[in-house]
Amino acid sequence: MKRIMITGALGQIGSELTVKLREIYGADQVIATDIRKNETEAALSGPFEMVDVTDARTMLEVAKKYNVDSVIHMAALLSATAEANPVFAWNLNMGGLMNALETARELKAQFFTPSSIGAFGPSTPKDRTPQDTIHRPTTMYGVNKVAGELLSDYYFHKFGVDTRGLRFPGLISYVTPPGGGTTDYAVEIYYEAVKNGKYTSYIDKGTYMDMMYMPDALDAIVQLMEADPSKLKHRNSFNVTAMSFEPEQIAAEIRKHIPHFEISYKVDPIRQSIADSWPNSIDDSAAVEEWGFKANFDLGKMTENMLDKLKQK
Ligand code: AKB
């Protein structure tokens, strides 16, 4: 990766990834694109272009203007929003991906797009879900993610595009809040703990999902993109995880720092049913073996860091 275009650069992952890639590869080498502009570091610290990912022509023009050698396609709707707007989700998630893959093909660029634990479904083995297993998701988001993984593999085999991807768990960060995901409770809980000392969870107690702290997710993207291609048996996409917990466990960890913290429950049936269809925990051994994936933050270390940073904020 030398000259990189990011779509959805002002979103939850994009906003931090843009800044990190600019630190590594140089501010001018990372072209941030999004459908809107704001005053954040990602928008202001280097080149920025407005790109609606459903507009193939503009995306290609911007990629050509900067002569990019890598496309990182982040723009997409998350699971709960996609479930509320399935047709729009299909058009944005699949149309955007197709345009981004075509852009990479035209420029002979390397390509990354995230998949998700949402690519699994209720018939997938629930615990330590293997890398290669049954994919029958029951959400529009999951259907998009499975189709996206297959499409990315197709572009690799058919056109030789160097496509790579990660199946991310819920990502937790104090920088840009997520919007419309099922795992968002695990971010909101920290904000509410610091602000109000209590949180009402829309995900029920006993519901386990994989999670990861954002710095580990960003490192994983860079590491996978820089990995020796001859070592990759898989491409789209690798299971990656750092921890699996249920709401009571994150609450107990927060109580170590905020002893009066209280959790209560008002379960949202839609997000709960999405969570119930996903694995309890996934097996990331393929990522470990093929390109050396390693997460540095467990629940304890992440909680300490999240609460510190949010208190400063
Ligand atoms: C979501 O909850 O939709 C995302 C994901 C796990 O893909 N955070």
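A cavity, as the word is used here, is a set of grid points where a 1.4 Å probe fits but cannot get out. Searching the whole of this predicted model on that basis turns up 1 cavity of 30 Å³ or more. Its volume comes to about 150 Å³. Some 16 residues line this largest cavity, and Asn93, Leu97, Thr113, Pro114 and Lys145 are the ones that lie nearest its centre.

The ligand, for its part, sits in the largest pocket. Around it are Leu78, Ser79, Ser116, Ile117, Tyr141, Pro169, Gly170, Gly181, Thr182, Thr183 and Trp278. Sorted by class, that shell splits into 5 nonpolar and 6 polar residues, with no charged ones at all. Both domain 1 (4-168 + 213-221) and domain 2 (170-211 + 241-312) give residues to the shell, so the ligand lies between them.

As for polar contacts, two of those picked out here go to side chains. An N or O atom in the side chain of Ser116 is 2.6 Å from a ligand oxygen, and the side chain of Tyr141 likewise has an N or O atom 2.6 Å from an oxygen of the ligand. With Thr182 it is the backbone that takes part: one of its polar backbone atoms is 2.7 Å from a ligand oxygen. Not much of the ligand is left uncovered, either: on its own it exposes 250 Å², and the protein buries 95% of that.

How values were computed. Residues are numbered from 1 along each chain as its sequence is written. This is a predicted model: local features need pLDDT of at least 70, side-chain atom pairs count only at pLDDT 80 or more; totals for chains, interfaces and linings use all residues. Side-chain values use heavy atoms; hydrogens and water are left out. A residue is near a molecule or strand if one of its heavy atoms lies within 4 Å of it. A polar contact is a pair of N or O atoms within 3.5 Å; within protein, one must be able to donate a hydrogen and the other to accept it, and residues adjacent in sequence count only if both atoms are side-chain atoms. Accessible areas come from the Shrake-Rupley method with a 1.4 Å probe; for residues, only the protein chains shown count as cover. On a 1 Å grid over the protein atoms alone, a cavity is a set of points where a 1.4 Å probe fits but cannot get out, and a pocket is an open set with protein on both sides within 12 Å along at least five of seven lines; lining residues have an atom within 4 Å of a point. A molecule sits in a cavity or pocket if more than half of its atoms lie within 2 Å of its grid points. Ala, Val, Leu, Ile, Met, Phe, Trp, Tyr, Cys and Pro count as nonpolar, Asp, Glu, Lys and Arg as charged, and the others, Gly among them, as polar. Domain bounds come from an automatic or database domain assignment. Grid points are joined across faces, edges and corners, and a volume is the space filled by probe spheres set on the points.
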